[in-house]
Each structure stands twice: as structure tokens, then as C-alpha cells.
Amino acid sequence: MTRVISGLVLLALIVGVFWYLPPWGTQIFAGLALVLSLREYDNLVRLGGLDVVPGVGAVLSVVMYVALLFLPVAATHVLLVGAVVVGGALVLRGRVPDQAVAVAAAMLFPVVYLGMGVATVPLVREAYGAPALMTLFLTQIGSDTGQYYAGRTFGRAPLAKALSPKKTREGAIGGLVTGAVVMVGFGRLWLPGLPAWQLALLGVAVAIVGIAGDLFESMLKRSADVKDSSNLIPGHGGMLDRIDALLFTMPLYYVALQWLWPAVAR
């Protein structure tokens with residue numbers, strides 16, 4: 001019951017911010033989610049045994065988020081400078097960490113995974129509007145729900161036993177079907193001009209990538225030997241646990257809309 005109540009509250013908050021507030025509401029909301037996610041990511045990295053320089057990856061990730069939304073600075077420039085900053089910070093610290101390459105990668109990775117990934121939420125809201133953004137969120141929710149109930153009803157064969165023992169191939173198929181159905185249903189309403197077959201393929205792609213994002217975060221948690229990224233959201237775990245699939249699906253969706261929708265009169 002706790003999981004259901006907190007899930008409904010979170011959904012109402014998302015709808016209220018994305019639908020009823022101007023784009024700055026989504027920017028602030030996503031920015032808060034980014035900060036909370038960076039804190040949880042840093043904790044997972046440390047529990048995983050990587051001796052990173054505190055705060056460097058988080059600051060660079062926030063810089064990437066701000067640059068993508070507000071500054072005339074290319075993302076590649078932020079990444080190039082970020083690599084120099086990460087290397088410089090490790091040198092200035094003056095000691096040799098175990099797995100130095102892994103430590104450097106762990107400091108730079110959140111700039112793309114979280115800084116750029118979370119930024120695609122307000123970018124979609126600003127470029128394509130609240131209905132387009134809600135189409136992706138509802139498709140993700142539909143896919144997650146399809147995976148859950150199909151897995152509980154028909155689940156027999158493990159999908160990725162080492163990463164997430166409870167996920168099954170049957171559940172994944174259910175997620176692909178519901179993802180395609182929801183994307184076509186809401187896409188025909190809120191993404192006018194896109195043919196149903198393109199929406200169906202996009203829904204399947206979102207479901208597949210969402211499952212990959214979920215499994216990837218499970219891998220991070222298992223490497224840190226924890227069940228949840230935090231206990232921030234009652235019944236759901238941490239912020240990373242809630243947005244793990246979206247961190248993969250939202251960038252895909254943003255790129256897909258740039259390819260598919262510019263030719264359509266909106």
C-alpha cells in the first residue's frame with residue numbers, strides 16, 4: 001500500500017509540474033532530481049570501492065545540465081574540459097588509487113549518464129511541449145506495468161539472472177507489447193502526423209531501452225552490494241531507482257523526435 005500511495009503522489013506531482021507549469025517548472029524539477037541522483041550515484045561508486053575525488057563528477061554533471069539548457073556551449077566542449085578537470089583533480093590529490101582508469105571513468109561517466117540524461121526531460125518539454133513529454137512518461141509507465149503483470153502471470157524464464165533475478169523474458173515481452181500500445185494510443189493524440197507504425201516501433205524501442213536502463217542500474221547496485229540506491233521514496237527506493245529506465249529512454253526519445261517530428265507540421 002505504501003508503494004501505491006507514494007507512486008500516486010509522485011505521478012500527480014509529475015503531471016502537475018509537466019502539464020500545468022511553464023517550462024521553468026520542469027527545469028527546476030529535473031534539476032532537483034539530478035542533484036538527488038548524483039548523491040546516490042556517488043554513494044554507489046564509493047560502496048563499490050572506487051576512490052573518486054568527492055564532488056568533481058557532481059559539479060561537472062550540473063555544469064553539463066546548465067550548459068545544455070541555458071548556455072551557448074556545446075556538450076562536447078563540456079566533456080573535453082571535464083576530462084581535463086577529472087585528470088587534474090586526480091593528479092592534484094597526489095596518490096595512486098586502485099583501478100585508476102575505473103576511478104577516472106566513474107568521475108566522468110555521470111556527466112553523460114545523469115547530466116545529459118536528465119537534461120533531455122526539460123529539453124523535450126521545451127522543444128515539443130508537455131503532451132510529447134507525457135507521451136513518453138505514460139509509455140514508460142505502461143511498459144513497466146506490462147512487465148510486472150506479464151512477469152507475475154506467465155514469467156518462467158529469467159531475462160538476466162545475474163543482474164535482476166526477478167525479471168523474466170515473458171515479462172519483457174509484456175512490456176514491449178504494452179509500450180507499443182500506449183505509445184500508439186497517446187502518440188496518435190499528442191504526436192499528430194506520426195504514422196501508427198512509427199509510433200509502434202518507437203514504443204517497442206522505448207520498452208527495450210527502458211529494460212536495459214533498469215538492468216544497468218541493478219548492475220550498479222549489485223556492484224555496491226545494496227538493494228536500493230537510497231530510501232528516499234517510500235516503497236520505491238531512491239531517485240535513481242525511479243528514473244533508471246528514463247535515463248535510457250528519454251535520450252532515445254529526444255533523438256527520435258528530432259529525426260521523426262521536424263518534418264511534421266505541429
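Select Lys167 and Asp214 to begin: the two form a salt bridge, with their closest N and O atoms 3.0 Å apart. Lys167 belongs to strand β2 (residues 164-168) and Asp214 to helix α8, so this pair ties together parts that are 47 residues apart in sequence. Keep in mind that the model is predicted. Is Lys167 buried or exposed? Its relative accessibility is 15%, which counts as buried because the cut-off for buried is under 20%.

Next, show the salt bridges across the whole structure; a search finds seven of them. The stops that follow visit others from this set.

Go to helix α2 (residues 23-47) and select Asp42 and Arg46, which both lie in this helix. They are four residues apart, about one turn of the helix. Their side chains meet in a salt bridge, at 3.1 Å from N to O. Colour the pair by accessibility: Asp42 is partly exposed at 27%, and Arg46 is also partly exposed, at 36%.

Now select Arg95 and Asp51. Where do Arg95 and Asp51 lie? A salt bridge joins them, the closest N and O atoms being 3.0 Å apart. Arg95 sits in the loop between α4 and α5, and Asp51 in the loop between α2 and α3 (56-70), so the contact ties together parts that are 44 residues apart in sequence. Arg95 is partly exposed, with a relative accessible area of 45%. Asp51 is partly exposed too, with a relative accessible area of 27%. Add Arg93 to the selection: Asp51, Arg93 and Arg95 are linked in a network of salt bridges.

Stay in the loop between α4 (75-93) and α5 (100-128) and select Gln99, which lies there. Turn from side chains to the backbone here. Most residues other than glycine have a negative phi. Gln99 is not a glycine, yet its phi is positive, at about 55°. With a relative accessible area of 54%, Gln99 is exposed, because the cut-off for exposed is over 50%.

The last stop is Asp225, in the loop between α8 (196-224) and α9 (239-243). What is the sign of phi at Asp225? It is positive, about 60°, although Asp225 is not a glycine. Switch on the surface at this point: Asp225 is exposed, with a relative accessible area of 70%. To return to the start, follow helix α8 back to Asp214 and its salt bridge partner Lys167.

Notes:
Residues numbered from 1 in each chain as written. Predicted model: local features only at pLDDT ≥ 70, side-chain atom pairs only at ≥ 80, totals over all residues. Heavy atoms only, no water. Helix = DSSP H or I, 4+ residues; strand = E, 2+ residues; numbered from the N terminus. Buried < 20%, exposed > 50% of the residue type's maximum accessible area, 1.4 Å probe, protein only. Salt bridge = Lys/Arg side-chain N within 4 Å of Asp/Glu carboxyl O.
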